[in-house]
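Student: I have a model open and want to go through it with you. Can we start with the charged side chains?

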Amino acid sequence: MKHLLIGATLAVILSFALCAPPDARAWDGFDAASSDLVEVTPDRVPSQGDAVDVRNYDSDTIETCLVESVARNARTVELVVRTPSGATRTLVMEGR
C-alpha cells in the first residue's frame, strides 16, 4: 500500500511538471560581463539564428535576442546573443 501511494504521488508531480506552461520551464545562467542572473526561454540549447527570450532577474526585464553562437563546454553552454539594441551579450548557462 505504501508503494502504491508513493507511485501515485510521483505520477501527480510528474503530470504537473510536464503540463507546466513554457514560462515555468526556463534555463538558468548568468551574464558573463555583469554576473547578473538570467534565464532563457525556451528551455533547450538553441541553434545559431534562433530567437530566445532572456529575462534579467536583477532588472526584472525580458528581451528577445538573436543567438549568434553556441559553445558547449564540459559543464556550461555559452550563448552569444544580440539584443534588440544591437549589443552582444555572452550568457553562461547550465550545461545540457
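Student: Which side chain does glutamate 68 meet in a salt bridge?

Tutor: Glutamate 68 meets arginine 82 there, at 2.5 Å from N to O. A salt bridge here is a side-chain nitrogen of Lys or Arg within 4 Å of a carboxyl oxygen of Asp or Glu. Keep in mind that this is a predicted model: local features need pLDDT of at least 70, side-chain atom pairs count only at pLDDT 80 or more, and totals for chains, interfaces and linings use all residues. Residues are numbered from 1 along each chain as its sequence is written, and side-chain values use heavy atoms, with hydrogens and water left out.

Student: Where do glutamate 68 and arginine 82 lie?

Tutor: Glutamate 68 is in strand E4 and arginine 82 in strand E5 (residues 76-82), so the pair ties together parts 14 residues apart in sequence. Strands are DSSP runs of E with at least two residues, numbered from the N terminus.

Student: Is glutamate 68 buried or exposed?

Tutor: In between: glutamate 68 has 26% relative accessibility and counts as partly exposed. Arginine 82 is also partly exposed, at 32%. The cut-offs are under 20% relative accessible area for buried and over 50% for exposed, with partly exposed in between (1.4 Å probe, protein chains only).

Student: How many salt bridges are there in the whole structure?

Tutor: The search finds six. One of them joins glutamate 63 to arginine 89, with the closest N and O atoms 3.1 Å apart. Glutamate 63 sits in strand E4 (residues 61-72) and arginine 89 in strand E6 (residues 88-94), so this pair ties together parts 26 residues apart in sequence.

Student: And how accessible is arginine 89?

Tutor: Arginine 89 counts as buried at 12% relative accessibility, whereas glutamate 63 is partly exposed at 23%. Both residues belong to a network of salt bridges that also takes in Asp31.

Student: Which residue does arginine 44 form a salt bridge with?

Tutor: Aspartate 50, with the closest N and O atoms 3.5 Å apart. Arginine 44 is partly exposed, with a relative accessible area of 41%. Aspartate 50 is partly exposed too, at 23%.

Student: Switching to the fold. What do the strands build?

Tutor: They build a closed barrel of six strands, in the order E1-E2-E3-E4-E5-E6, with antiparallel pairing. Two strands pair if DSSP finds at least two bridges between them. The twist from one strand to the next averages 45°, where axes are lines fitted to C-alpha atoms and angles run from 0 to 180 degrees between N-to-C directions.

Student: How many bridges link E2 and E3?

Tutor: Four, between E2 (residues 37-41) and E3 (residues 51-56), in the antiparallel sense. Valine 40 stands opposite valine 54 of E3.

Student: Now the loops. Where is serine 85?

Tutor: Serine 85 is in the loop between E5 and E6, and it counts as exposed at 68% relative accessibility. From serine 85 to glutamate 63 is 10.0 Å, C-alpha to C-alpha, and the two are 22 residues apart in sequence.

Student: What about tyrosine 57, buried or exposed?

Tutor: Tyrosine 57 is partly exposed, at 34% relative accessibility. Its place is the loop between E3 and E4.
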